[in-house]
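Let's walk through this structure together, with the pockets as our starting point. Keep the 3D view open as you read.

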Amino acid sequence: MKIFFVSNPGSKIVVRRGGIYIVKRNKNGVEKVVVPPDVDSIIVASSKIGISSKAIRLAASRGIDIVFLDFRGYPIARVYPTIINKTVVTRIAQYNLFQKDYGVELAKEFAYLKIVNQAELLRYLAKSLRREDVREAAYQVDSVATELRLAEDTKISIDEIRQLEARAARIYWQTIASILPPELGFSGRDQEAKDIFNMALNYGYGILYNTCEKSLLIAGLDPYLGVLHTTKSGKPSLTLDFVEMFRSIAVDKPLIINVKRTKLETSGDRLDYESRKIVAKIVLDNLSHAHMYNKIGRRVQLSEIIMREAWELALSIREGKKYKGFRAVL
């Protein structure tokens with residue numbers, strides 16, 4: 001998936017000579033940067049960026065969606081082309097199945113894969129850092145995953161699944177805190193925390209949400225009806241469910257690796273514009289990087305894996321079959 005990121009305040013997205021351009025002023029005058037016609041998404045990461053209706057029309061005609069992020073990196077709006085791909089059939093099956101045992105089974109699968117992928121990242125870090133305590137933490141997280149896997153689908157509740165997920169998360173994030181430089185002030189995962197690493201995670205997850213939501217929409221699924229996260233108006237519950245499988249590999253891993261060599265700064269209670277660009281580049285580069293995908297036995301771009309998993313999830317729902325999600329190999 002090719003993504004074009006626009007973050008400079010004062011920029012304008014316009015059409016010139018049949019192409020989409022980013023026009024911005026700098027000390028040397030006006031600079032024009034063309035948006036390649038083969039990009040999949042344009043991400044707008046500032047409230048001080050303008051866009052013309054002509055640019056929106058041209059982007060839609062080329063199958064390019066336009067996503068607007070808030071200062072934390074969360075998608076707050078998007079403009080995307082009309083997509084027709086078994087949407088009605090898929091959504092009817094989704095609405096029918098999610099209220100039954102299939103919903104619990106699917107919630108269990110999402111949570112299980114989130115936990116085993118966290119354990120996989122800890123094993124990778126333990127090997128890289130030669131830290132036995134991190135290896136032991138990976139074993140503990142894996143033990144929670146095993147406990148969840150062995151629970152019977154018909155007897156475990158969504159609340160019990162969430163409790164196991166939270167127990168694994170505490171071990172995982174305490175271990176990540178022990179790995180990161182103390183000066184970052186990171187003591188654990190907290191969306192509202194003001195330390196630089198939590199803010200970087202928020203921003204990175206926002207970009208991942210966008211990638212996952214677009215994949216679910218293209219596959220014909222309703223991103224607002226989920227199973228693991230509570231369903232309420234305006235909450236993209238299925239997107240939040242689906243993204244769980246990819247968080248540790250798509251965002252946590254590249255940020256942990258790069259945070260020691262990257263200078264991130266804040267402006268008030270948020271990342272400054274330059275830091276947002278840095279985090280976006282780290283995450284987008286990783287989404288474009290080839291990862292091992294066991295289902296086809298070769299390495300493919302992580303963004304392609306996400307799209308393939310969305311298609312497979314939609315197919316499983318239409319056919320009422322058990323979905324087996326993405327398991328990372330590092």
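Begin with the largest pocket, which has 19 lining residues; Lys114, Glu165, His229, Glu244 and Arg247 are the ones that lie nearest its centre. Bear in mind that you are looking at a predicted model. The space in this pocket comes to about 450 Å³.

Where does the lining of the largest pocket come from? Four helices each supply at least two of its residues: H3 (101–129), H5 (158–179), H6 (196–218) and H8 (247–258). Of the contributors, H5 gives the most, with six residues. If you sort the lining by chemical character, you find eight nonpolar, four polar and seven charged residues.

Now turn to the second largest pocket, which holds about 370 Å³ of space. Its lining consists of 18 residues, and Tyr74, Pro75, Ile76, Glu213 and Pro236 sit closest to the centre. Here a strand joins in: E8 (75–79), H6 and helix H7 (237–243) each bring at least two residues to the lining. Which element has the largest share of it? That is E8, with four residues. By character, the lining of the second largest pocket divides into 11 nonpolar, three polar and four charged residues.

Helix H6 is worth a pause, as it supplies at least two residues to the lining of the largest pocket and at least two to that of the second largest pocket.

From E8 we can move on to the sheet. Four strands form an open sheet in the order E1-E5-E7-E8, and their pairing is mixed. Why do E1 (3–6) and E8 each have one side without a neighbour in the sheet? Both stand at the edges, and each has a single partner strand, so one side is left without a neighbour. On average, neighbouring strands in this sheet are turned by 20° against each other, direction ignored.

At the E1 edge, you can follow the pairing in detail. E1 and strand E5 (residues 41–44) run parallel and are joined by four bridges. One residue to pick out is Ile3, whose bridge partner in E5 is Ser41.

Finally, come back to H6, this time from the side of the sheet. This helix packs on the sheet and touches E1, E5, strand E7 (65–69) and E8. The direction of H6 makes about 35° with that of E8. So ends our tour, with H6 and E8 in contact and each supplying at least two residues to the lining of the second largest pocket.

Notes: Residues are numbered from 1 along each chain as its sequence is written. This is a predicted model: local features need pLDDT of at least 70, side-chain atom pairs count only at pLDDT 80 or more; totals for chains, interfaces and linings use all residues. Side-chain values use heavy atoms; hydrogens and water are left out. On a 1 Å grid over the protein atoms alone, a cavity is a set of points where a 1.4 Å probe fits but cannot get out, and a pocket is an open set with protein on both sides within 12 Å along at least five of seven lines; lining residues have an atom within 4 Å of a point. Grid points are joined across faces, edges and corners, and a volume is the space filled by probe spheres set on the points. Ala, Val, Leu, Ile, Met, Phe, Trp, Tyr, Cys and Pro count as nonpolar, Asp, Glu, Lys and Arg as charged, and the others, Gly among them, as polar. Two strands pair if DSSP finds at least two bridges between them. Axes are lines fitted to C-alpha atoms, for helices over the stretch in contact, and angles run from 0 to 180 degrees between N-to-C directions. Contact means heavy atoms within 4.5 Å.
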